[in-house]
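Take a moment to look over the model below. We will walk through its salt bridges, its pockets and its cavity in turn.

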Amino acid sequence: MSDSNENQKLVALLGAFCEAFNQHDPEAIVSMITDDCEFRPAMGDNSFGASIKGKQAIKEAFISTFAMFPDAKWVPRNHNEVFGERGFSEWTFIATRKSDGAFFEVDGVDLFFFKDGKICLKDVYRKQRDPKLPS
């Protein structure tokens, strides 16, 4: 298979991955990652944020995220791009926090690494703005 065909498959994977987030479907999310996948959210104790490893831990993290932000959407800002074993997507996260009604609109970029046609690392970078609290 040519690199171009493989890149196209991985671009389609990233599109399906984003759609799984927007459907709040943790089963679909983990179906597209390797068993040893690592997810690095923007926040955490390390310089790279936190580190969530393995399908079950990643699934639980997103179940929690979807409960905290029941209307969460990741709106793609540009096309997903893939270059061999790496890829990225730009997005805007739009959500209202359930606990206090705070509205978030955050721009970000996900960097992806692939192994055997699946995502093995998802690393998040974002521009954080203060949430808008309800009046």
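Start with a term: helices here are DSSP runs of at least four residues, numbered from the N terminus. That is how helix H1 gets its name, and H1 spans residues 3-22. Keep in mind that this is a predicted model.

Begin with the second largest pocket. Its volume is about 210 Å³. Which element gives the largest share of its lining? The answer is H1, with five residues. H1 does not work alone. Strand E3 (73-76), E5 and E6 also supply at least two residues each. In total, 16 residues line this pocket. Nearest its centre lie Leu14, Cys18, Pro76, Asn80 and Ser89. By class, the lining has eight nonpolar, five polar and three charged residues.

Pick out Asn80 from that group. Asn80 sits in the loop between E3 and strand E4 (81-83). Is Asn80 buried or exposed? Its relative accessible area is 18%, so Asn80 is buried. The cut-off for buried is under 20%. Now look at what surrounds Asn80. Leaving aside residues up to four places away in sequence, Asn80 touches Val11, Leu14, Gly15, Phe88 and Ser89. Two names come back here: Leu14 and Ser89 also lie nearest the centre of the second largest pocket.

Move on to the largest pocket. It holds about 580 Å³ of space. Its lining has 22 residues, and the closest to its centre are Pro41, Thr65, Phe69, Phe93 and Arg126. Four elements give two or more residues to this lining: H3, strand E5 (86-96), strand E6 (103-115) and E7. Which of them gives the largest share? H3 does, with five residues. The lining divides into 15 nonpolar, three polar and four charged residues.

Some space is closed off. How many cavities of 30 Å³ or more does a search of the whole structure find? It finds one. About 40 Å³ of space lies in this cavity. Its lining is made of Phe17, Ile29, Ile33, Cys37, Phe39, Ile58, Phe62 and Lys122. E1 and H3 each supply at least two of these residues. The largest share, three residues, comes from E1. Seven of the lining residues are nonpolar, none is polar and one is charged. The charged one is Lys122, because Lys counts as charged.

Now turn to the charged side chains that pair up. How many salt bridges does a search of the whole structure find? There are nine. Three of them make a good tour.

First, find Glu27 and Lys59. Their side chains meet in a salt bridge, with N and O 2.2 Å apart. Why does this pair tie together separate parts of the chain? Glu27 lies in helix H2 (residues 26-31) and Lys59 in helix H3 (residues 55-68), so the bridge joins parts that are 32 residues apart in sequence. The two partners differ in exposure. Glu27 is partly exposed, at 47% relative accessible area. Lys59 counts as buried, at 19%.

Next, stay on H3 and find Lys55. This residue forms a salt bridge with Asp35, and their closest N and O atoms are 3.5 Å apart. Lys55 is in helix H3 and Asp35 is in strand E1 (residues 33-40), so this pair links parts of the chain 20 residues apart. How open are the two partners? Lys55 counts as partly exposed, at 25% relative accessibility. Asp35 counts as exposed, at 62%.

Last, follow E1 to Arg40. Asp123 forms a salt bridge with Arg40, and the closest N and O atoms are 3.8 Å apart. Asp123 lies in strand E7 (residues 118-127) and Arg40 in strand E1. The two are 83 residues apart, and the pair links distant parts of the chain. Asp123 is buried, with a relative accessible area of 7%. Arg40 counts as partly exposed, at 21%. This bridge has company. Glu38, Arg40 and Asp123 are joined into one network by salt bridges that share partners.

Note on methods: Residues are numbered from 1 along each chain as its sequence is written. This is a predicted model: local features need pLDDT of at least 70, side-chain atom pairs count only at pLDDT 80 or more; totals for chains, interfaces and linings use all residues. Side-chain values use heavy atoms; hydrogens and water are left out. A salt bridge is a side-chain nitrogen of Lys or Arg within 4 Å of a carboxyl oxygen of Asp or Glu. Buried means under 20% relative accessible area, exposed over 50%, partly exposed in between (1.4 Å probe, protein chains only). On a 1 Å grid over the protein atoms alone, a cavity is a set of points where a 1.4 Å probe fits but cannot get out, and a pocket is an open set with protein on both sides within 12 Å along at least five of seven lines; lining residues have an atom within 4 Å of a point. Grid points are joined across faces, edges and corners, and a volume is the space filled by probe spheres set on the points. Contact means heavy atoms within 4.5 Å.
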